[in-house]
Amino acid sequence: MTTGEHPNVAAYRRTVDAFRARDFDTVRSLVAEDVVWHGPGRHSFAGDIRGLDELVAWLGRLSELGFTLREHDVFGNDEHVCALSYMGFRRPGVATEIRVTSVFHFRAGRQVERWLYPEDIAAWDAIFDG
């Protein structure tokens, strides 16, 4: 945890690190059972992801496809975390990323809801279709 960093920001960072390590047990410990993620777009990963089991399965599918995530900045308070990130895919024939803003709602130190806002929705759809 960075000095002065809000505990919810630290929890977000632990969740992201666990995702990168494919440590889904740790992800489960940091995300609420009734979580909902809202994924924009018209690709096969778009739509609402409801519940912890569905989210972990979705994250596993992303990992298998070479999904990448790196943060530009993360800040938060007692109820929300905002992550300014670069998301994309790196695998043979595909190496692309796009800027995405994510807003999380937290309850008792755990993620309960996420809204993703890609900078360019057409490019967002294309990185999943590639």
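**Close-up views of a predicted model**

**View 1. The hairpin of β4 and β5.** Let us start where Arg 91 stands opposite Val 94 in β5. This is a predicted model, and the same goes for every view that follows. Strand β4 covers residues 80-91 and strand β5 covers residues 94-107; the two run antiparallel and are joined by twelve bridges. Another facing pair to look for is Met 87 and Ile 98, the latter in β5. Two residues lie between the strands of this hairpin, and Gly 93 takes a positive phi near 85 degrees.

**View 2. From β5 on to β6.** Now follow β5 to its other hairpin, the one with β6, where two residues again separate the strands. Ala 108 sits in this turn and has a positive phi of about 55 degrees. Strand β6 spans residues 110-118, runs antiparallel to β5 and is joined to β5 by eight bridges. Two of the facing pairs are worth finding: Phe 106 has Gln 111 in β6 as its bridge partner, while Val 103 is partnered by Trp 115 of β6.

**View 3. The whole sheet, with a helix packed on it.** In which order do the six strands lie? Reading across the open sheet, they come as β2-β1-β6-β5-β4-β3, with mixed pairing. The edges belong to β2 (47-50) and β3 (67-76); each has a single partner strand, so one side of each is left without a neighbour in the sheet. On average, neighbouring strands are turned by 20 degrees against each other, direction ignored. Helix α3, residues 52-64, packs on the sheet and touches β1, β2, β3 and β4. The direction of α3 makes about 55 degrees with that of β1.

**View 4. His 38 and its surroundings.** Here we zoom in on strand β1 (residues 31-39), which is home to His 38. Strands β1 and β6 run parallel and are joined by four bridges; across from His 38 in β6 stands Trp 115. Which side chain makes a polar contact with that of His 38? The partner is Asp 48, at 2.8 Å. Leaving aside neighbours within four places in sequence, His 38 is in contact with Gly 47, Asp 48, Glu 113, Arg 114, Trp 115 and Leu 116.

**View 5. Leu 116, a residue of β6.** Stay with His 38 for a moment and look across to Leu 116, which is found in strand β6. The C-alpha atoms of these two residues are 6.5 Å apart in space, although 78 residues separate them in sequence. Is Leu 116 buried or exposed? Its relative accessibility is 8%, so Leu 116 counts as buried, the cut-off being under 20%. Beyond its neighbours within four places in sequence, Leu 116 has contacts that include His 38, Gly 39, Pro 40, Met 87, Val 100 and Trp 124.

**View 6. The largest nonpolar core.** In soluble globular proteins, nonpolar side chains tend to be buried together. The largest such core here has 35 residues. Tyr 12, Trp 37, Leu 55, Trp 58, Leu 59, Leu 62 and Trp 124 have the most contacts inside this core. Two or more residues come from each of α1 (7-20), α2 (24-30), β1, α3, β3, β4, β5 and α4 (121-129). For a good place to pause, try Leu 59: apart from neighbours within four places in sequence, Leu 59 is in contact with Phe 19, Phe 24, Val 27 and Trp 37.

Note on methods. Residues numbered from 1 in each chain as written. Predicted model: local features only at pLDDT ≥ 70, side-chain atom pairs only at ≥ 80, totals over all residues. Heavy atoms only, no water. Polar contact = N/O pair within 3.5 Å; in protein donor to acceptor, adjacent residues only side chain to side chain. Contact = heavy atoms within 4.5 Å. Pairing = 2+ DSSP bridges. Axes fitted to C-alpha atoms, helices over the stretch in contact; angles between N-to-C directions. Core = buried A, V, L, I, M, F, W, Y, C linked by side-chain atoms within 4.5 Å. Buried < 20%, exposed > 50% of the residue type's maximum accessible area, 1.4 Å probe, protein only.
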